[in-house]
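Here are my notes on this chain, set out as numbered points. Please read them with the structure open beside you.

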Amino acid sequence: MPRRGYLYAGASGFGIKAPKATPGRLMKVGGGSGVDGIIASQRVSNAKFSAATGWKPRYPDVVTGWAAEAASRTEGMS
């Protein structure tokens with residue numbers, strides 16, 4: 001999922017307006033080479049870990065996960 005999609009998923013789960021993603025070039029100017037790990041593509045898979053341990057994610061995707069997290073944090077607030 002692109003960084004922008006992750007921001008939108010989190011904001012949607014909490015019912016707030018999504019923050020604007022800072023362009024990678026601007027982050028690089030402000031943070032130098034230290035931001036390379038943040039702006040680089042981080043394609044990962046949990047397939048090997050899942051196969052070795054039997055672990056499965058609690059939620060099928062980040063949108064569902066953020067919605068559940070938001071619901072759990074706001075349960076006692078109303």
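1. Charge. The protein chain carries 11 positive and 4 negative side chains. The centres of the two sets lie 10 Å apart. Keep in mind throughout that this is a predicted model.

2. Fold content. The protein chain has five helices and zero strands. In sequence order the pattern reads α-α-α-α-α.

3. Overall dimensions. The radius of gyration of the protein chain is 16 Å, whereas a compact globule of 78 residues would have one near 12 Å. Along the principal axes, the C-alpha atoms fill a box of roughly 40 × 40 × 15 Å.

4. Burial and surface. Of the 78 residues in the protein chain, 14% are buried. The exposed surface comes to about 6400 Å². Carbon and sulfur atoms supply 59% of that area.

5. Contacts along the sequence. Take the contacts in the protein chain with a separation of 6 or more. Residues 24 or more positions apart account for 42% of them.

6. Helix H1. This helix covers residues 3-14, twelve residues in total. From first C-alpha to last, H1 reaches 17 Å. That is close to the 16 Å expected at 1.5 Å a residue. Just after H1, glycine 15 takes a positive phi of about 70 degrees.

7. H1 against H5. Which residues of H1 are buried? They are Ala9, Gly10 and Ala11. The buried residues of H1 pack against H5.

8. Tryptophan 66. Look next at helix H5, residues 62-74, where tryptophan 66 is found. Leaving aside neighbours within four places in sequence, tryptophan 66 is in contact with Tyr6, Ala9, Gly10, Gly13 and Phe14. Two of these names, Ala9 and Gly10, are also buried residues of H1. The C-alpha atoms of tryptophan 66 and leucine 7 are separated by 10 Å, with their positions 59 residues apart along the chain.

9. Why does tryptophan 66 count as partly exposed? Its relative accessible area is 25%. Buried means under 20% and exposed over 50%, so a value in between is classed as partly exposed.

10. Serine 50. This residue sits in helix H4, residues 47-53. Serine 50 is buried because its relative accessible area is 10%, and the cut-off for buried is under 20%. Beyond four places in sequence, serine 50 is in contact with Trp55 and Lys56.

11. Phenylalanine 49. Helix H4 also holds phenylalanine 49. At 48% relative accessibility, phenylalanine 49 counts as partly exposed. Not counting residues up to four places away in sequence, phenylalanine 49 touches Gly54 and Trp55. Trp55 is thus a name to check from both sides, since serine 50 is in contact with Trp55 too. How far apart are the C-alpha atoms of phenylalanine 49 and threonine 22? They are separated by 32 Å, and the two residues are 27 apart along the chain.

12. Isoleucine 38. Helix H3, residues 36-39, contains isoleucine 38. Is isoleucine 38 buried or exposed? Isoleucine 38 counts as exposed, because its relative accessibility is 51% and exposed means over 50%. Isoleucine 38 and proline 60 are 22 residues apart in sequence. In space they are 24 Å apart, C-alpha to C-alpha.

Terms used: Residues numbered from 1 in each chain as written. Predicted model: local features only at pLDDT ≥ 70, side-chain atom pairs only at ≥ 80, totals over all residues. Heavy atoms only, no water. Helix = DSSP H or I, 4+ residues; strand = E, 2+ residues; numbered from the N terminus. Rg over C-alpha atoms; globule rule 2.2 N^0.38 Å. Buried < 20%, exposed > 50% of the residue type's maximum accessible area, 1.4 Å probe, protein only. Contact = heavy atoms within 4.5 Å. Areas by Shrake-Rupley, 256 points an atom, 1.4 Å probe, with all protein chains shown as cover. Lys, Arg positive; Asp, Glu negative; His and termini not counted. Charge placed at Lys NZ, Arg CZ, Asp CG, Glu CD. Expected span 1.5 Å × (residues − 1).
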